[in-house]
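Trainee: I'm new to this structure and would rather know one corner of it well than skim the whole thing. Please choose a single part and take me through it closely, then show me what lies around it.

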Amino acid sequence: MITVSYNRGYTMKTKHLVFCLAIIVLLAAVVLPGCSKEKPPPLVTTVIAPSSGPDQPDLTKIRFEGKVLNPPAIFKSQPFKFKFRVYSCPADSAGDASHSKKPQKCMMQCYEATAESRDGSYSLEMPVGMDWTHGFVELVNTDEIAGMYSPGHNPFWFRNAPDQASEKAVLKHNFEFKSQENPILDSVQEEMAAKFAPIIVVKAGKKYIPTNLEKYAKTVKLASLPAKDDDIRRLRGSVSDDAHMILEQGLEPGDTHLYYHVRYADTFVSGTQTEALPGWRDDTNYRYNKGNGDMVVSYWLWYDRNEGPTSFGNVHQGDIESFALLIDKDGNAKRFMVTGHDHIMLDTAWTNINSVNNHPIIYVAHGNKGSDGGNPTSGYGGYEVLLEAGNAVFNALTDPRDIFPELSSTDSEVIIPNDMDVKSLTAVMTGPGTHIDQDATAFVDISQRIRGVITKLVKWEEPGWINKTADTDPDGHHRVDKAIAPFLGFDGRIGMHPRSSLKLSSFTQFGRSPENAPFKTNIEQHYTFEHPRIDRAYSGRLGDYGPKFTGDDKTPQFIK
């Protein structure tokens, strides 16, 4: 038996309950070949569609068709459940930010249908308005395997072509599951991570430098706040709260650990289809493809606290800053990228930054007016960027800045890889090289300004597979140390400040603790390196983070 009911719309205020304008219940007995009383029907559907009336659009019909291929074993004990939605969102009202935080007005209503299937196939016809623009089919009962197996883009989106407006469209898609395990050997990942581990430059005496998360393992506490009513994740039905970790304060900083992940550059993330409406990006649903063999080496630095770019604040517990390299299949660096302030700060050729024996020199900013800073990373030193504080008045009062230390200044210190030969740091080059610009090039002895070393490289395991039995992983395991496992797999903010606030008594702004690395920085990194690219940089109120010189193949420094 197939059960169909008709209604209209969707509102955020009812938290995904359908607001009924009219209900038509149609019960029809359908004879299905090969079915018996002992065997459930292959498809059970519920359709939500518009009521009739003078204010309703003219209707047409569309059909969704497809099936599920290579499903994981979990579906042997449960049916496949599908959700279908159709929207009318013209291009000028939908927006185009794939990780938008708030829904557009046109996304507040839709036509919706649901279906269940035992064999993984679906075929559903539903009435929709003639003015429909976007539609999707989504496989919805995948929570238990989220981050482990990807069905491809889910939901899978369609756009209405103009010539289909007056005729029935048939929208076809097959979901094909593949493991999300990393196909690159752990030994290769570790080798590449060590090869390009950075030389980190900080202002002498900087209070907060990169440390480690593991020290919090025994005392960390989990907390949550209800997600805001206008959070687009509510519309997706994918979240009910904002989870965060409260970390113990006052602990000794501890050693500097460098967190890394190496993957193939040819990677897709669900929700980034050109046909998709904004807001459905799902960073837990991704898939690696070897492609031409190019790889991305991603790094994350953990700071215990962020004091912001001015004494006024943006203070929050915890801070995660990241940078990444694009390398070829032979392990040669091609591009360098930095993310921060929720933006791509810098994306440029490897030859446009300085390095020593493949170790990039990166700079960590301090703030203005005595602030220790927000810890953003750059490929260049000796410059500053003036940031926006919200309006002209706050800009004048607080004057937030990212100020990057200069390597040649004795007021800077370095943190180096633990296996780096100190002798290679007696004549470190800054600038493009004397063969390009002698005046812009200098050689600096930093061997006596070593503040610390990176004591440990920590691989960021695929979050969904942490400490689970491997399926296709080339190393045959997903073992992760218990001191770091809770952090690597956490989908939320790490720190006690999940929301921004203003403390008037001290005239201090509190920002938000960082979103966990794989679920935040992949927003930038995945589709930055998905296909090559042009140089880009982020600009502040005054100044930018862009390349400070243009180098060539002789700019990277190699010292025996």
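Mentor: The chain's secondary structure adds up to 6 helices and 36 strands; these are DSSP runs, with at least four residues (H or I) for a helix and at least two (E) for a strand, numbered from the N terminus. What you're looking at is a predicted model, where local features need pLDDT of at least 70 and side-chain atom pairs count only at pLDDT 80 or more, while totals for chains, interfaces and linings use all residues. Residues are numbered from 1 along each chain as its sequence is written, and side-chain values use heavy atoms, leaving out hydrogens and water.

A little background helps. Of the 560 residues, 53% are buried; buried means under 20% relative accessible area, exposed over 50%, and partly exposed in between, using a 1.4 Å probe and protein chains only. Contact here means heavy atoms within 4.5 Å. Among contacts between residues at least 6 apart in sequence, 75% join residues at least 24 apart.

Now for our corner: Asp-328. Find it in the loop between strand E21 (313–327) and strand E22 (333–340). Does this residue have a salt bridge or lack one? Asp-328 is buried and has none. By the rule used, a salt bridge is a side-chain nitrogen of Lys or Arg within 4 Å of a carboxyl oxygen of Asp or Glu. The nearest side chain of opposite charge belongs to Lys-334, 6.3 Å away; Lys and Arg count as positive, Asp and Glu as negative, and His and the chain ends aren't counted.

What Asp-328 does have is a polar atom of its side chain 2.9 Å from the backbone nitrogen of Asn-332. That's a polar contact: N or O atoms within 3.5 Å, where within protein one must be able to donate a hydrogen and the other to accept it, and residues adjacent in sequence count only if both atoms are side-chain atoms. Leaving out residues up to four places away in sequence, Asp-328 touches Gly-293, Asp-294, Met-295 and Lys-334.

Two of those names belong together. Asp-294 and Lys-334 form a salt bridge through their side chains, with N and O 2.8 Å apart. That pair links distant parts of the chain, 40 residues apart: Asp-294 sits in the loop between strand E19 (282–289) and E20, and Lys-334 in strand E22. Asp-294 has 7% relative accessibility, so it counts as buried, while Lys-334 is partly exposed at 36%.

Next, follow the strands away from the loop. E21 is one of the elements that the buried residues of helix H2 pack against, along with strand E17 (256–264), strand E20 (295–306) and strand E32 (450–459). H2 covers residues 186–195, and its buried residues are Asp-186, Gln-189, Met-192 and Ala-193. Looking down the axis of H2, these fall within an arc of 135°, so they line one face of the helix; the arc is that of the directions from the helix axis to the C-beta atoms. In general, an α-helix has 3.6 residues a turn, so residues three or four places apart point the same way.

What about the largest nonpolar core? It holds 51 residues, and Ile-199, Ile-200, Tyr-299, Leu-325, Phe-336, Ile-361 and Leu-407 touch the most other members. E20 gives the largest share of this core, 5 residues. A nonpolar core is a set of buried Ala, Val, Leu, Ile, Met, Phe, Trp, Tyr and Cys residues joined through side-chain atoms within 4.5 Å. Leaving aside neighbours within four places, Tyr-299 is in contact with several residues, including Met-192 and Ala-193, as well as Leu-325. A second, separate core has 29 residues, among them Phe-64, Ile-74, Tyr-122 and Leu-139.

For contrast with our unpaired Asp-328, the count of salt bridges comes to 20. One of them joins the side chains of Arg-63 and Glu-125, at 3.2 Å from N to O. Arg-63 is in strand E4 (residues 59–69) and Glu-125 in strand E7 (residues 121–129), so this pair ties together parts 62 residues apart in sequence. Elsewhere, Glu-384, Asp-399, Arg-401 and Arg-541 are linked in a network of salt bridges.
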